[in-house]
Amino acid sequence: MNKEKPASAFAYAPAPESRSVVDIAPSYGLFIDGEFTEAADGKVFKTVSPSTEEVLSEVAQAGEADVDRAVRAARKAFEKWSALPGSERAKYLFRIARIIQERSRELAVLETLDNGKPIRETRDADLPLVAAHFFYYAGWADKLGHAGFGANPRPLGVAGQVIPWNFPLLMLAWKIAPALATGNTVVLKPAETTPLSALFFADICRQAGLPKGVVNILPGYGDAGAALVAHPDVNKVAFTGSTAVGKEIARTVAGTRKKLTLELGGKGANIVFDDAPIDQAVEGIVNGIFFNQGQVCCAGSRLLVQESVHDELLDSLKRRLSTLRLGDPLDKNTDIGAINSAEQLARITALAERGEAEGAERWSPACELPESGYWFAPTLFTGVTQAHTIARDEIFGPVLSVLTFRTPDEAVAKANNTQYGLSAGIWTEKGSRILAVANKLRAGVVWSNTFNKFDPTSPFGGYKESGFGREGGRHGLEAYLDV
Amino acid sequence: MPTTAPAAHALSDVTASDSTLRRFLHGLPGVDAVGLEARAASLGTRSIKTTAKAYAIDLAISMVDLTTLEGADTPGKVRALGAKAVHPDPTDRSTPATAAVCVYPDMVAAAKEAVAGSSVKVASVATAFPAGRAPLEVKLADVREAVAAGADEIDMVIDRGAFLAGRYLKVYDEIVAVKEACGADARLKVIFETGELSTYDNIRRASWLGMLAGADFIKTSTGKVAVNATPANTLLMLEAVRDFRAQTGVQVGVKPAGGIRTSKDAIKFLVLVNETVGEDWLDNHWFRFGASSLLNDLLMQRQRLATGRYSGPDYVTVD
């Protein structure tokens, strides 16, 4: 072609997903005993879209009285629900799974609006996994006697569940699907910044004809979560969120007969050996830390690179980061969306500044940030050592700390030298090394030559301050059964 | 035949002997098949609309090597193809010409005549296409004939048997010899027949081998076997030309061929180019589509963008 190329030859035109597929009401109530209802003290709060700061809706804010009301509804429903044959409970779960699939486009758009993550992720990762979790645990509901927990394992009763804002609907699925399959009833508190998809799920429960009180949804703040955890008639507490809150919950529950699972923070090590498939490792690193803007507890936020390939890998990684597309999360071509809240943005910003102050070298690709909303450019820190704060504290944002190692033993020692232990990744073409290293890593999930892959059949959970108990897979049933 | 290093670049010593070449090719980073395919699939979800789509369709048309490679080819058929390459859409003269027509060596003269006076190049699949199972002298004669008849580009197939047997230097020497037979003017496209090389590691090695030997283009396949161009093998070859340029400063083109039939597919390949190697490869000097039926779909999509309506197969020409 002889003609002069335009400045940007192949700039993609905007390809926004339509907002009209989702109908957000101006206000929502609490979902208790199959009905939407106002909070006892009439309190409400607003939920905003992180990418634009637009107010999406006003939501009832649960307080202690509402928690009590919901727990009583769940207790009442438990008698009938737990007495149903497993195959009957399975029918409801299958029905919910199918409705989720049918409404997946609507839910994906809703989740993107409320959370700020790209539609590419809600559409291609979150929603398929949400449906898969319900399908998977529906399959278990009538086979509990064959799950390896004795002939006739019993449900625990009322499960109080508190979930975070990073995967609002997926975390709901991880919690509710196994609880219902095993015959428990549920009171769930979604995070205050992302309550909408849980309320849409409440509607799906009604659409599926789920008996009243089996699922109760209480949007609210930490005080509602604390009241739920402390409620004397709750038999099981499941929490996903920060380590600090997890510790508080553990203190509250200590000495009671409540069963507890905690899925907390992480500082996952992504270990790249010098014989790794470099191009795929770069993709895995990107996926490990920039998926959902790094707001992932199992993010591969510490990159451990063998010194001999450090420069080459960093060059590839920087080139790749330059192709990431940051912007409108509803655009189907967006890779990096908005940070979930102003508060979270402030925390990420402070930790990144700390990294600079402590002497690590900061790098970001040329990247324009939108004017409104909460945004943080993908960021790399090189020259990071174990002694740096950014190598130890969970940042929960798109910030990657790059460290180096020389031998496999050093890689293992550095990977394990953290108060967390949720995830790790190994990149090498040598199969024996994968097995040898994976066996030495103190992490609940070890991915090899991939990262951030989830499947309902695979158990997920942590070591050390990343929590205890497992979600997903056959193991995930145990947390909801008296075994 | 003596081994000659075609490019006096940083890597020229790796072709000193069979063992240095083997060590080099086997020392290239491995390819994780799952990861490679996942990356290619995720780029396939890019949504290309409106102005970007219009740009992409014209770009794709300008990158087509309009191809006829049948035993039944006649000068008449080749003339028709040439006319279409020059003016792909007779109803809309703003449609860009294709990059080239690609024919068997004995049809080069006819093709040359058919595209005379236009920007369209003539490419010829010399070197005992598609099997490549002929003595080197025969292949070289094939190339010389095609070049003498006016071919601007030679598409050669490598000796897959030698490659799979690990005789890399033999493959290298053949490519060097063919490049020499191409002379100063004809550009050389080296076809790997990736479907027969079977593993992604082999495709990366073949890519480097071809580039070391002086290929101007590396090309996925002949279009004559079951597995031809795929997003994954093209992505892999794009990574190879990107890395090769970083190490040697030499830029090499990429040509996926076979099986790309729709505009949607073609645009996915352009996205791969855009996000892997970028604008430096986004013109027909550096990227081509080897295709015969793709052009008509591009033309129908182009008409649709212009008129807002779908037409149908009777609104574009048959070859």
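**Two sheets and the interface between chains A and B**

In this predicted model, chain B holds an open sheet of eight parallel strands in the order 7-6-5-4-3-2-1-8. Strands here are DSSP runs of E of at least two residues, helices are runs of H or I of at least four residues, and both are numbered from the N terminus. Two strands count as paired if DSSP finds at least two bridges between them. At the edges of the sheet are strand 7 (253–255) and strand 8 (289–291) of chain B, each of which pairs on one side only. From one strand to the next, the twist averages 25°; angles are taken between N-to-C directions, run from 0 to 180 degrees, and use axes fitted to C-alpha atoms, for helices over the stretch in contact.

Residues are numbered from 1 along each chain as its sequence is written, while chains are lettered from A and ligands numbered from 1 in the order in which they are written. Because the model is predicted, local features need pLDDT of at least 70 and side-chain atom pairs count only at pLDDT 80 or more, whereas totals for chains, interfaces and linings use all residues, and side-chain values use heavy atoms, with hydrogens and water left out.

Within the sheet of chain B, strand 2 (residues 100–103) runs parallel to strand 3 (residues 121–124), and four bridges join them. Here B:V103 is placed opposite B:S124 of strand 3 of chain B. Further along the chain, the loop between strand 3 and helix 6 (136–148) of chain B contains B:P130. The peptide bond between B:F129 and B:P130 is cis, with omega about -5°. Helix 11 (residues 231–248) of chain B lies across strand 6 (217–219) and strand 7 of chain B, at about 170° to strand 7 of chain B.

Helix 11 of chain B also takes part in the interface with chain A. Which other helices of chain B supply at least two residues each to the side that touches chain A? They are helix 2 (33–43), helix 3 (50–62), helix 10 (200–212) and helix 12 (263–276) of chain B. Helix 3 of chain B gives the most, with seven residues. By class, the side of chain B that touches chain A has eleven nonpolar, ten polar and twelve charged residues. In this scheme Ala, Val, Leu, Ile, Met, Phe, Trp, Tyr, Cys and Pro are nonpolar, Asp, Glu, Lys and Arg are charged, and the others, Gly among them, are polar.

In total, 33 residues of chain B are in contact with 30 residues of chain A, contact being heavy atoms within 4.5 Å. The two chains bury about 2,700 Å² between them, 48% of it on carbon and sulfur atoms; buried area is the accessible area (1.4 Å probe) lost when two parts are put together, summed over both. Four salt bridges are counted between chain B and chain A, each a side-chain nitrogen of Lys or Arg within 4 Å of a carboxyl oxygen of Asp or Glu. A salt bridge joins the side chains of A:D279 and B:R242, at 2.7 Å from N to O.

Chain A has an open sheet of seven strands, in the order 14-15-16-13-12-17-18 and with mixed pairing. Strand 14 (361–363) and strand 18 (445–448) of chain A have a single partner strand each, so one side of each is left without a neighbour in the sheet. The twist of this sheet averages 20° from one strand to the next. Three bridges connect strand 15 (residues 379–382) of chain A with strand 16 (residues 399–405) of chain A, in parallel, and A:L380 is opposite A:L400 in strand 16 of chain A. Helix 13 (residues 408–416) of chain A lies across strand 12 (269–272), strand 13 and strand 16 of chain A, at about 170° to strand 13 of chain A.

Strand 4 (residues 44–48) of chain A is joined to strand 5 of chain A by five bridges, running antiparallel. These two strands form a hairpin with six residues between them, and A:E53 in the turn has a positive phi of about 65°.
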